[in-house]
Amino acid sequence: MLDTLLKKLVADEIVPGISYALITPHRTKQHVIGLKQYIPEKITLEPEAVYDIASLTKVIATTTLLLQHMEAGKIAIVDKVCDYLPDFRYPEVTILQLLTHSSGLAKNIPGFQIDTKEDVYRYCIETPQRMPAGTNVSYADANFLLLGYIVEQLGGNLEQQVQSSILDPIGMTDSCFHPSNPYSCVPTELHPERGLVIGEVHDFKAWKMRGVAGHAGLFSTLPDLIRFAKAIINDGGPILTKETVTAMRQNYTPTLNRSRGLGWDLVPSGDHFALYHTGFTGTFIVIDVPQKTALIVLTNRVHPRRDNPIFLERRDEIVQQFIQDIGGKS
């Protein structure tokens, strides 16, 4: 049933192509189906095609680095954001509230002019608080942009930290912020101003930050993301400790409108939660650590246009089917 739902994304022309993997304790199954792109010509999808993984950057890069700095004693989830970024205007907001999207910060600032990397920082500082901190889970890019700046305060250049502390230890050799060969990448949107976006980050703010940001910008492949998922399943080795992975999976917003772990969204799976995150370009990942299972799905659902609401409906159905078939089994 799960395979059928995944393959129907292509058969029903909801996405041009799909690369997906199902990890169980006994085997890892990979499939690559369909096209890399429709426009300007139809090109078949390759097994190791490089995807703009969009907001998966938040959990694979930024969250992992922050947790590594926590393990090193450099920062704690109870710390205030303004202790690290003195320009930040809301002294009560904590690191945990950024990680769980419960800071109350607005989703965006309509009409805010962003032309440079510096403008993005100014955007984060000027983002207003719409709700009191800790009262509601509401997704905002500013949360993880701010965490990206904090990670740089703690350990220097974000791109270099990701390379040396995550990609290299796991052997994610095809993952990076700046693909050397753009045409190895799956194109995203046919943008009215940028043209066909290929090998360059799709997210606007990350693009203005020259491709490296705390919320988006990372490119990866299905084999590399399998390596990452297996590292988390295997108690975090070699990038995190078992205790950190356990802490990451806890629900830190039990009385709020959504269940959130450290950086990750959470979906119920039997008597525990599975880790879950999505990316705007059409990527998503579910990792059920206790069951040692994972589902990785990579698509370019914004190709050629981002107006694709049916994908979101199908994505929810696929995640629930995975939980029902595999993640929820004891």
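Is proline 268 buried or exposed?

1. Proline 268. In this predicted model, proline 268 is exposed, its relative accessible area being 54%. The cut-off for that class is over 50%. The residue belongs to strand E8, which comprises residues 265-269. Between proline 268 and leucine 22 the separation is 246 residues in sequence, while their C-alpha atoms lie 18 Å apart in space.

2. Overall architecture. Ten helices and eleven strands make up the secondary structure assigned to the chain. The radius of gyration is 19 Å, close to the 20 Å that the globule rule gives for 330 residues, so the chain is as compact as a globular protein of that length. Along the principal axes, the C-alpha atoms occupy a box of roughly 50 × 50 × 35 Å. Buried residues account for 56% of the 330 in the chain.

3. Annotated region. An unreviewed UniProt entry carries the annotation "domain: Beta-lactamase-related" for residues 3-307. Within residues 3-307, helix amounts to 30% and strand to 17% of the chain. The C-alpha atoms at the two ends of this segment are 25 Å apart.

4. Helix H8, geometry and ends. H8 runs over residues 222-233 and has twelve residues. Its span from first to last C-alpha is 16 Å, close to the 16 Å expected at 1.5 Å a residue. At the N-terminal end, threonine 221 acts as the cap, with a side-chain oxygen 3.2 Å from the backbone nitrogen of aspartate 224. Just after the helix, aspartate 235 adopts a positive phi of about 60°.

5. Helix H8, exposure. The helix is mostly covered, with ten of its twelve residues buried. Among them are the hydrophobic side chains Leu222, Leu225, Ile226, Phe228, Ile232 and Ile233. Asp224, whose backbone nitrogen takes part in the cap, is also one of the buried residues.

6. Aromatic pair 112/123. How many aromatic pairs does the model contain? The count comes to five. One of them joins phenylalanine 112 and tyrosine 123 in an edge-to-face arrangement, with 5.5 Å from centre to centre and 75° between the planes. Phenylalanine 112 is located in the loop between helix H3 (95-99) and helix H4 (117-126), whereas tyrosine 123 is in helix H4, so the pair ties together parts that are eleven residues apart in sequence. Both phenylalanine 112 and tyrosine 123 are buried.

7. Aromatic pair 204/207. The ring centres of phenylalanine 204 and tryptophan 207 are 6.2 Å apart and the planes meet at 55°, so this pair is tilted. The tilted class ends at 60 degrees, over which a pair would count as edge-to-face. Phenylalanine 204 and tryptophan 207 are three residues apart in helix H7 (residues 204-208), which means that about one helical turn separates them. Phenylalanine 204 is partly exposed, at a relative accessible area of 41%. Tryptophan 207 is likewise classed as partly exposed, at 28% relative accessibility.

8. Charges over rings. Which residue places its charged end over the ring of tryptophan 207? Arginine 194 does, at 4.0 Å from the ring centre. Tryptophan 207 therefore has a part in both the tilted pair with phenylalanine 204 and the contact with arginine 194. Elsewhere, arginine 301 is positioned over the face of phenylalanine 280, with 4.7 Å to the ring centre.

Technical notes:
Residues are numbered from 1 along each chain as its sequence is written. This is a predicted model: local features need pLDDT of at least 70, side-chain atom pairs count only at pLDDT 80 or more; totals for chains, interfaces and linings use all residues. Side-chain values use heavy atoms; hydrogens and water are left out. UniProt positions are given in the numbering used here, feature names are shortened, and annotations may be inferred rather than shown by experiment. Helices (H or I, at least four residues) and strands (E, at least two) are DSSP runs, numbered from the N terminus. The expected span of a helix is 1.5 Å times one less than its number of residues. Buried means under 20% relative accessible area, exposed over 50%, partly exposed in between (1.4 Å probe, protein chains only). A polar contact is a pair of N or O atoms within 3.5 Å; within protein, one must be able to donate a hydrogen and the other to accept it, and residues adjacent in sequence count only if both atoms are side-chain atoms. Rings of Phe, Tyr and Trp (its six-membered ring) pair if their centres lie within 6.5 Å; planes under 30 degrees apart count as stacked, over 60 as edge-to-face and the rest as tilted. A charge sits over a ring if NZ of Lys or CZ of Arg is within 6 Å of the ring centre and within 35 degrees of the ring normal. The radius of gyration is taken over C-alpha atoms; the globule rule is 2.2 Å times the number of residues to the power 0.38.
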